[in-house]
Amino acid sequence: MKYIKSTCVPLKIENVDTDQIIPARFLKATTKEGFGDNLFRDWRYDKQDQPIADFVLNQDTYQGEILVAGKNFGCGSSREHAAWAIGDYGFKIVVSSFFADIFRGNSLNNGILPLIVSEEFLAELFADIKANPATTLEVDLETQKAWISGKEDNKQSFEIDEYKKMCLINGYDDIDYLLSLKEEIAKYESERPYTFNV
Amino acid sequence: MSSNKPRTLFEKVWDSHVVQRKENYPDVLYIDTHFIHEVTSPQAFNGLRGRGIELARVDQTWGTADHNVPTKDQHLPIKEALSRHQVETLHKNCDEFGVKLYGLGHPFQGIVHVIGPELGVTQPGKTIVCGDSHTSTHGAFGSIAFGIGTSQVEQVMSTQCTLQNKPKAMRIVVDGDLQEGVTAKDIVLYVISKLSASGGTGYFVEFAGSAISQLSMEGRMTVCNMSIEMGARGGIIAPDQTTFDYLEGREFSPKGEAWENSVKYWKSLPTDDGATFDAEYVYDAADIAPMVTYGTNPGMGVGVDKSVPIPESESDKKALEYMGLQEGESLIGKPIDYVFIGSCTNARIEDLRAVAEFVKGKKKADGVNVWIVPGSKQVEKQAIAEGLDKIYAEAGFELREPGCSACLGMNEDKVPAGMYCISTSNRNFEGRQGPGARTLLASPLTAAAAAVSGHIVDVREQLATV
């Protein structure tokens, strides 16, 4: 992932918790695939499993690889299934003004960019999408800038940790990195200042 | 990285576990104890298989089945096929990789955050992780404990380390004496209502002050358990004599000389005088009333004697609509359908005793379903040994078998759509206890009082009339 330009799916709700992203009753699988079908299950389908027309994922008007959500997105349970569901559905970026810590880490570990923007930028993006669902957002990971197409004079800088940026751009994996530190870990274990009994 | 600069408890434990610190990289943090359960581990075990590697430290890894288990007839095969498969997969994986597993039927089985402490595995100064956000519970012992996602579970299984950016430090001080009928659960619901469901994000929170140090270990666990509900990575409380007394003699606690050495080390951990925090809040314990939530995140809580606040945003309005509550409506008197006493927040023996003491000689209100779900087999055994089961039976409360139960709407225990459940668990999210279920979070005492009255009451008044 270096640069993405896409239309957006707006979810103007604050404090979206991971129980809404993927309810617990769908966490029974032992693999990572297929969670997208149940993304936002209880907002998306009624009790008879029929699509709820006014939920945004059921509206053809809004499509794209970018989900735009209210502040404190991904709070609650640590379930990585939430990130798997978002990725499996086809989102590559989630935009919000604030993310919960564990969700942010889980997203990055699955190649999904949690893009943090200012409250003002988020409000403008929601307003533009509402006025014109064909509005596109452009995100350049290399320069850490995001902007609404046609509004290049108002580029939003975003923060991302250098290491994670490198992983996203190159598709690197934390475990490969940690496994490369085997000797350092063994040395730490042998020199630990305090050894616990268990 | 030792220096004479005064350090916080959190810094001492964190810094002593950093295997590598490098500019622009997260810290490589060594993990002393890894707890696993059936829901967030299978994909990580698959990852190990895919890479053809062993689990790094089986002696530091502990498994149990809790989230996806029934709380009735645990001696029979699990009825639902997907749940059965997930629990069986945990057994197969633990067998194959050599992990100790306290599965269904084992005398140590229970909710992962209940069994770790009661077995003495949770100890001060340790780093502890689990693929579950309520791992923060273990911070009550002065350990750094936090929830991780499955990718990180796989990191720890592979290398006994995880990559972590060091969080900022916050201290929350609660001083003074609590009113009669106000408990640890009320303290933490009060703090979250002040700081909001995101007020702790990016921080690790030390809870301090006389109201905290006066709490039992069970109470401290309740407080740290819910630190994640204000977005914090975890909570931590200085180890003291209460901590040592709780741990001494437990199954995996150090023994003999090792115990003496451990206590000596643990006593060096509390925050030094003069250490600084990035943020600090101070509250007066006397201001705290029995708390109840009215909305769909744990920050939406008020004193039980207050009315439902005016919504401040569209999201607040949506929450009230979901809950079927009106602004300005009194919470006292609100009828309830279900009472759930359980979960990693409040299913320890002290919680069960408090409920029994309150309901002894009373009966539940007609039409209310009351579930008491012990946190572990050991808690269940203790409750029965003390005769609490008989008190519950006389009151019409149902004592079930250990598990996460109706906290998360994953296993068989769910609250039906539209019904009100006063719950001692930790989350009141939409659908958390089952699709359409309406959750009101409260303490075990407030939940027990509601069970008897059939509606929300101020437990302080009930205690005054006893």
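User: How many salt bridges does the rule find across the interface of chain B and chain A?
Analyst: This is a predicted model, in which local features need pLDDT of at least 70 and side-chain atom pairs count only at pLDDT 80 or more, while totals for chains, interfaces and linings use all residues, and side-chain values use heavy atoms, without hydrogens or water. Residues are numbered from 1 along each chain as its sequence is written, with chains lettered from A and ligands numbered from 1 in the order written. A salt bridge here is a Lys or Arg side-chain nitrogen within 4 Å of an Asp or Glu carboxyl oxygen; over all chains the count is 36, and across the interface of chain B and chain A the rule finds 6.

User: Which residue of chain B meets the side chain of A:E189 in a salt bridge?
Analyst: Side chains of opposite charge can pair when their charged atoms come close. For A:E189 the N to O distance is 2.8 Å, and the partner is B:R57.

User: Which helix supplies the largest share of the side of chain B that touches chain A?
Analyst: Several elements of chain B (helices are DSSP H or I runs of at least four residues, strands E runs of at least two, numbered from the N terminus) each supply at least two residues of this side, among them β1 (18-20), α2 (42-51), α3 (81-97) and α5 (150-159). The largest share, 7 residues, comes from α5(B).

User: How many residues of chain A are in contact with chain B?
Analyst: Contact (heavy atoms within 4.5 Å) is counted on both chains. On the side of chain B it involves 78 residues, and on the side of chain A the number is 55.

User: Where in chain B does the partner of A:K28 lie?
Analyst: A:K28 forms a salt bridge with B:E80, their closest N and O atoms being 2.9 Å apart. The pair crosses between chains, starting from A:K28 in the loop between α1 and α2 of chain A and reaching B:E80 in the loop between β4 (61-64) and α3 of chain B.

User: Which helix gives the most to the lining of the largest pocket?
Analyst: The largest pocket (on a 1 Å grid over protein atoms alone, an open set with protein on both sides within 12 Å along at least five of seven lines, lining residues having an atom within 4 Å of a point) is lined by 46 residues, with A:I13, A:W43, A:F55, B:K318 and B:E430 nearest its centre. Both chains contribute, since β1 (3-11), α1 (18-21), α2 (41-44) and α5 (119-131) of chain A and α11 of chain B each supply at least two residues of the lining. With 7 residues, the element that gives the most is α5(A).

User: How many cavities of 30 Å³ or more does a search of the whole structure find?
Analyst: A cavity is a set of grid points where a 1.4 Å probe fits but cannot get out. The largest cavity is lined by 23 residues, and B:H67, B:D132, B:H134, B:L408 and B:R432 lie nearest its centre. A search of the whole structure finds cavities of 30 Å³ or more to the number of 5.

User: Which helix gives the most to the lining of the second largest cavity?
Analyst: The second largest cavity is lined by 16 residues, and those nearest its centre are A:G74, A:G76, A:A100, A:I102 and A:F103. The helix that gives the most to this lining, with 4 residues, spans residues 101-108 of chain A and is α4.

How values were computed
Grid points are joined across faces, edges and corners, and a volume is the space filled by probe spheres set on the points.
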